[in-house]
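Q: Please take a close look at one part of this model, the largest pocket and the helix that contributes most to its lining. Which residues are involved, and what holds that region together on the page?

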Amino acid sequence: MDSDQINELRKMSRVDVVYIYEEVHDLLNSKDWAEQSYKASRLLDMLAHNFHADTGHKIGTVAEL
């Protein structure tokens, strides 16, 4: 996949900014590291799922990690 295709896929996927803000706020206010890690993992799962639903591609094929 070339960089133009990747840029187009990035534009196709959208998130609810207020929802993400609330989730990150909740995550940062977690009681302990284990709860924080769990919430971060669930947030990443949700984002990956939504990216796939929006674009038909798995996020790992586009994300630069």
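A: In this predicted model, the largest pocket has a volume of about 350 Å³. Its lining counts 13 residues. Nearest the pocket centre lie L47, A48, F51, I59 and A63. By type, the lining holds nine nonpolar, two polar and two charged residues. Helix α3, residues 33–55, gives the largest share of that lining, with four residues.

Take α3 itself next. The helix has 23 residues. From first C-alpha to last it reaches 33 Å, close to the 33 Å expected at 1.5 Å a residue. At its start, a side-chain oxygen of D32 comes to within 3.3 Å of the backbone nitrogen of A34. E35 is also part of α3. A polar atom of the E35 side chain lies 3.2 Å from the backbone nitrogen of K31. E35 has 24% relative accessibility, so it counts as partly exposed. At the other end, α3 is followed by G56, which has a positive phi near 80 degrees.

Now the buried side of the helix. The buried residues of α3 are L43, F51 and T55. They pack against α1 (3–12) and α2.

F51 belongs both to this buried set and to the residues nearest the pocket centre. Its relative accessibility is 6%, and therefore F51 counts as buried; the cut-off for buried is under 20%. Leaving out neighbours within four places in sequence, F51 is in contact with L9, S13, G56, H57, K58, I59 and V62. One of these partners, I59, is itself among the residues nearest the pocket centre. F51 also comes within reach of a distant stretch of sequence: V15 is 36 residues away along the chain, yet the two C-alpha atoms are 8.8 Å apart.

T55 sits in α3 too. Its relative accessibility is 13%, so T55 is classed as buried. Its side chain reaches the backbone nitrogen of H57 at 3.0 Å. Not counting residues up to four places away in sequence, T55 touches L9, M12 and S13. L9 and S13 also appear among the contacts of F51.

That leads to S13. This residue is placed in the loop between α1 and α2. Its relative accessible area is 15%, so S13 is buried as well. Its side chain makes a polar contact of 3.1 Å with the side chain of D54. With neighbours within four places set aside, S13 is in contact with N50, F51, D54 and T55. The loop residue S13 thus meets both F51 and T55, two of the buried residues of α3.

Beyond the loop comes α2, residues 17–28. At its start, a side-chain oxygen of D16 reaches to within 3.1 Å of the backbone nitrogen of V18. The helix has twelve residues, which should span 16 Å at 1.5 Å a residue; the end C-alpha atoms are 16 Å apart, so the two values agree.

Put together, α3 supplies four residues of the pocket lining. F51 lies in this helix and is one of the residues nearest the pocket centre. The buried residues of α3 pack against α1 and α2. S13, in the loop between α1 and α2, touches F51 and T55 and is joined to D54 by a side-chain polar contact.

Note on methods. Residues numbered from 1 in each chain as written. Predicted model: local features only at pLDDT ≥ 70, side-chain atom pairs only at ≥ 80, totals over all residues. Heavy atoms only, no water. 1 Å grid on protein atoms, 1.4 Å probe; cavity = no way out; pocket = protein on both sides within 12 Å on 5 of 7 lines; lining within 4 Å. Points joined across faces, edges and corners; volume = space filled by probe spheres on them. Nonpolar A, V, L, I, M, F, W, Y, C, P; charged D, E, K, R; others polar. Buried < 20%, exposed > 50% of the residue type's maximum accessible area, 1.4 Å probe, protein only. Polar contact = N/O pair within 3.5 Å; in protein donor to acceptor, adjacent residues only side chain to side chain. Contact = heavy atoms within 4.5 Å. Expected span 1.5 Å × (residues − 1).
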